[in-house]
Every structure is written in structure tokens, then in C-alpha cells.
Protein chains: 4
Amino acid sequence: MSPRVGLDPAGIERLMDEHFPQARELGWEIVSVGDHAARLRLPIREAHLRPGPSVSGPTLMALADTAMYFALLGAIGPTLLAMTTSLNVNFMRGCAGGVLVADARLLKLGKRLAVGEVGIRAEGAPDLVAHATLTYSVPPSRRGE
Amino acid sequence: MSPRVGLDPAGIERLMDEHFPQARELGWEIVSVGDHAARLRLPIREAHLRPGPSVSGPTLMALADTAMYFALLGAIGPTLLAMTTSLNVNFMRGCAGGVLVADARLLKLGKRLAVGEVGIRAEGAPDLVAHATLTYSVPPSRRGE
Amino acid sequence: MSPRVGLDPAGIERLMDEHFPQARELGWEIVSVGDHAARLRLPIREAHLRPGPSVSGPTLMALADTAMYFALLGAIGPTLLAMTTSLNVNFMRGCAGGVLVADARLLKLGKRLAVGEVGIRAEGAPDLVAHATLTYSVPPSRRGE
Amino acid sequence: MSPRVGLDPAGIERLMDEHFPQARELGWEIVSVGDHAARLRLPIREAHLRPGPSVSGPTLMALADTAMYFALLGAIGPTLLAMTTSLNVNFMRGCAGGVLVADARLLKLGKRLAVGEVGIRAEGAPDLVAHATLTYSVPPSRRGE
């Protein structure tokens with residue numbers, strides 16, 4: 001397989017199950033991956049909540065990080081060693097249950113660095129629960145450009 | 001109890017066990033809390049790792065968020081409703097095992113907002129594994145100033 | 001004038017000229033303001049460049065901050081005391097001349113805090129030169145919600 | 001000159017005057033550079049203020065960026081092409097006059113990326129006016145490690 005061929009949802013699920021099964025614990029479901037973007041769903045469980053109750057910050061950050069990672073795998077193919085180098089997140093409103101939807105979009109796919117943003121909403125609602133910007137280091141063999 | 005009396009480590013542990021037991025899952029241990037600061041230890045387990053292997057970003061962010069929250073509880077007392085409003089983190093080097101130490105320090109404790117920074121290192125090592133800056137909203141009854 | 005009536009471009013220009021003339025030094029031109037968004041142009045001058053040459057970081061940050069401020073004035077009306085509380089920016093590619101276009105969009109307009117993002121591109125080009133996320137404190141008399 | 005010899009304040013001033021004279025416009029003065037750190041003073045002028053009055057966000061960001069750049073030049077020597085790749089800043093309190101002091105400190109100096117933080121205070125005051133975290137790309141010939 002050429003290193004520049006991106007992964008589809010099934011390919012990402014296989015990669016995670018083989019090499020990164022603990023990533024499953026969060027509970028995400030892949031809705032779509034492609035065009036430098038990815039959409040995930042997260043049915044909220046008790047373990048995701050903090051007092052309020054509201055979805056915890058770490059849950060939202062893990063969801064944002066996963067969505068951005070899958071958008072990247074969808075663009076550059078199977079690379080376990082792409083690493084988050086920075087994350088900035090603003091938490092905008094609480095969410096106590098139901099399903100979260102995370103939309104990740106690559107803003108730049110460079111030789112060494114990818115930059116993307118992720119918006120997280122309650123399913124069916126227009127308002128953002130959280131918004132994150134992330135940077136990823138891209139391993140040499142997978143560099144774009 | 002006056003709202004302005006901060007919590008000590010035992011008080012924080014009790015508050016967590018009563019109202020926020022799922023926060024225990026991460027596996028932190030409190031070393032110290034006080035003087036607008038907090039230090040936590042995190043013995044690294046398999047569940048904290050991502051391929052590399054290295055401690056995952058979400059683990060480091062959850063640790064940073066917890067350390068900042070405890071520094072805040074140590075300054076303003078028992079308030080479950082202090083909420084993270086933003087987090088910025090830079091991941092600087094990998095860490096595959098051992099124990100992480102997180103040092104949180106409040107940079108500002110205002111009427112509506114607290115700002116702090118957290119440095120995370122491998123225990124006994126000088127170099128930063130990650131560095132985070134966080135803002136927290138402070139509920140009205142606990143406001144400083 | 002009701003505090004909830006937003007300013008149009010002419011109103012913003014007047015407000016700046018009367019109360020904040022030094023903001024003019026950057027050299028921005030307003031293209032549009034409204035619908036919780038604002039678009040500015042910035043014809044690049046020698047003073048905006050750093051060695052490379054490329055538009056300097058401070059120039060891009062000032063442009064992002066101004067675009068977000070105008071989007072906010074367009075939503076909540078004349079308030080000089082809305083203040084930037086945080087800014088996160090990623091610089092993605094250099095730009096040595098021509099005209100920059102900044103698009104600001106409010107992501108949340110709350111009672112105490114507004115959050116927005118700004119994308120900056122070279123005029124006519126699709127790729128981002130920089131992307132920023134900003135938070136603003138909203139003075140009491142201008143609060144939304 | 002070996003590429004790994006850092007610049008002292010006089011060397012930085014010369015480099016700026018020769019290659020980046022527009023950086024002088026801000027009005028900074030170098031107090032010290034070395035040990036992966038730098039301290040600058042900024043006497044506040046009318047052009048630095050926004051309504052309030054208070055030092056403007058762009059002024060504080062430009063000061064933070066300059067202090068971090070000088071800390072980097074002090075560590076890796078004369079390299080005009082080190083570029084800011086990201087900046088995160090929290091603005092904590094206003095400052096209407098006097099002198100600002102910015103303290104920059106490198107948190108990581110890697111092969112491709114440097115990370116640092118900058119605290120800005122009113123001269124003689126303990127409280128932070130602003131706190132920034134920055135990342136810089138390091139050109140190949142100047143890489144540490």
C-alpha cells in the first residue's frame with residue numbers, strides 16, 4: 001500500500017484494534033472520514049461526566065484529539081507515530097447526556113506539521129459545546145507536500 | 001465552613017470520593033496542595049499509553065486539568081462547579097513508563113476567572129514532558145478578590 | 001440607542017476614529033460586518049514584514065484581534081470595554097506581500113464571554129496563512145443571552 | 001563563528017538593526033539574555049494603549065514574541081529564520097502606564113521546535129499582566145540536540 005493512500009473508516013477501526021485498543025475505551029463511533037475531515041459520534045456514558053453533571057473536559061479533549069487523528073489518518077494513511085504536539089480548547093457550554101458529534105477538519109497538512117480544528121456539538125444542536133485547535137507532528141515517511 | 005477556606009489534600013480526596021468518584025480512574029495521588037499550587041503523582045499504567053509507546057495526550061491533559069483543579073480547591077475551598085473554560089497544552093517529549101509528576105500553580109485568582117499553569121515531568125527528571133495553561137471559571141460564592 | 005443593536009462598518013469606523021485612533025495604524029479596511037462575523041483586508045506594507053521576508057506574527061495577531069473585535073461590535077453594539085482575554089494562534093505559511101484577508105466568526109456570544117475564530121489568507125488564495133481562536137470578556141451592559 | 005554560540009544583548013541589537021529594524025518600533029530595551037532566558041523592558045507610550053486605557057493585546061503579544069525570540073537567539077545564535085509557529089496568551093489585568101517587564105524562558109529546545117513561556121508584569125509589581133506560551137520552528141543549521 002502506498003504511504004500516501006489515506007485510510008477509510010474500516011481501515012482506521014482495524015488499525016486501532018490491532019495497535020491501539022485502549023483508544024476504544026472512550027466509546028467513539030466513526031461517522032465519516034475523508035476530504036481532510038472526520039466526524040465521530042460519542043454516546044455519553046456516566047464515566048464521561050463530571051459534577052454538574054456535564055461532560056468532563058478530559059472527555060471532550062480526548063474526543064477532539066481522536067477526531068483530528070482520524071482526519072489525519074484519512075489523509076496520509078496508516079501511521080501510528082503521528083503525535084499531537086499541541087492542543088488548544090475552549091469549553092463553551094455544558095452537555096449532560098445524549099450524543100456528542102465531533103467534526104475535525106485539517107487546516108494545513110505540511111511536511112512536518114499538520115494543523116486542524118475540531119468542533120463538538122450535541123447531536124442535532126447547532127451550538128458548540130467545545131472548539132479545539134490541534135497540531136500534529138507528521139512522521140517523515142508520511143509527509144504531505 | 002467559610003467559603004474562603006481552602007481544602008487540604010484529605011479534604012480534596014473526600015470531596016472527590018463523595019461527588020466525583022470517576023475522577024479517580026486516572027490514578028493520581030496527591031503529593032501536596034497549598035500556596036496556590038498543587039503537586040500530583042501519576043504512576044503510569046498500560047491504559048495511559050498510546051503506540052510508541054508513550055503516555056497519551058488525553059492522559060496528560062486529564063492530569064494537567066486535575067492538578068489545576070486541586071490547586072484551585074486548595075485556594076478557594078470546596079466548589080464542585082469551578083469549570084475549565086480553556087486549556088492550552090504543548091507536548092514536548094514522550095514518556096513510556098514510571099511515574100509522572102504534575103506541578104500546578106495559579107497565575108491569577110480573580111473574581112470570575114482563575115488562570116494557572118501546569119508542568120508535567122517524569123519523576124526525578126528535569127525536562128518537561130508537557131506544559132499546559134488553563135483557565136477556570138470561578139462560581140460566584142467562591143470568588144476571590 | 002439600544003445596547004443590543006450592533007454596529008455597521010460606518011459605525012465601527014466612527015467609533016475607532018473617536019476613541020481608538022491608534023488602532024488605525026495597522027492599516028485595515030473593513031469589507032463587511034454582520035451575522036456574528038467580520039471581514040477585513042490588510043494591504044501589506046514594509047512595516048508589517050519580518051526577515052524572510054514574511055508578514056510578522058504581531059501583525060497577524062493584531063489583524064486577528066481587530067477582526068474579532070469588529071465582529072463583536074457588529075453583534076453587541078458600541079462597547080469600547082470588551083477586552084481580549086485570551087488568544088491562540090497558529091502560523092501556517094509565510095506571506096511576503098499583496099493583501100491579507102481576515103475572516104472572523106463568533107462561535108459563542110455568552111453573558112460574560114465571547115469566543116470566536118479568525119482565518120487569515122492571502123487575497124484570492126484558499127490556504128490559511130494563520131488561524132486564531134480568541135476569547136473576549138463582554139461588559140455587563142452588553143451581555144447577550 | 002560556530003552556529004551553536006548564542007548571542008549576547010549587543011549581538012542581538014546589532015542583528016536587529018541590520019536585518020530587522022522595524023522590530024525597533026515597539027520600543028523594547030534588553031535587560032538580559034542568557035541561560036535560555038531573556039528579560040526585556042517596555043516603557044509604555046500612547047501608541048501602546050487601547051481604550052480603558054490599558055496596554056493593547058497586540059502590544060503585549062509583540063512584546064512576548066520578541067522576548068521569546070531573543071531568548072532563542074541567546075541560546076542558538078544569529079538565525080533570522082527562526083519563526084513563531086504558535087502563540088497562546090492569557091491577558092490577566094490591565095496596565096495603563098509605566099514600564100512593562102517581560103521574562104521569557106525556553107521550556108524545550110529541540111531539533112525542530114523550541115517551546116517557551118513569557119510572563120509580563122508592571123515593573124516592580126508581582127502580578128502578571130499577561131502570560132504567553134510560544135513555539136518556534138528552529139532552522140536546520142541551528143538545531144539543538
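**A twelve-strand sheet across chains C and D**

In this predicted model, 12 strands line up in an open, antiparallel sheet, in the order E1(C)-E2(C)-E6(C)-E7(C)-E8(C)-E5(C)-E5(D)-E8(D)-E7(D)-E6(D)-E2(D)-E1(D). Strands here are DSSP runs of E with at least two residues, helices are runs of H or I with at least four, and both are numbered from the N terminus; two strands pair if DSSP finds at least two bridges between them. E1 (29-34) of chain C and E1 (29-34) of chain D sit at the edges with a single partner strand each, so one side of each has no neighbour in the sheet. From one strand to the next, the twist averages 15 degrees, with axes fitted to C-alpha atoms (for helices, over the stretch in contact) and angles running from 0 to 180 degrees between N-to-C directions.

At the chain D edge, E1(D) is joined to E2 (residues 37-43) of chain D by 5 bridges, and Glu29(D) stands opposite Arg41(D) in E2(D).

As for the helices, H2 (residues 57-76) of chain C has 20 residues, which at 1.5 Å a residue should span 28 Å, and its end C-alpha atoms are indeed 28 Å apart; the expected span is 1.5 Å times one less than the number of residues. H2(C) is mostly covered, with 20 of its 20 residues buried (20 or more other C-beta atoms within 10 Å of the residue's own, C-beta atoms being placed from the backbone). Gly77(C), with a positive phi near 90 degrees, follows H2(C).

Residues are numbered from 1 along each chain as its sequence is written, and chains are lettered from A and ligands numbered from 1 in the order written. Local features need pLDDT of at least 70 and side-chain atom pairs count only at pLDDT 80 or more, while totals for chains, interfaces and linings use all residues.

Technical notes:
Buried ≥ 20, exposed ≤ 12 C-beta atoms within 10 Å, placed from the backbone.
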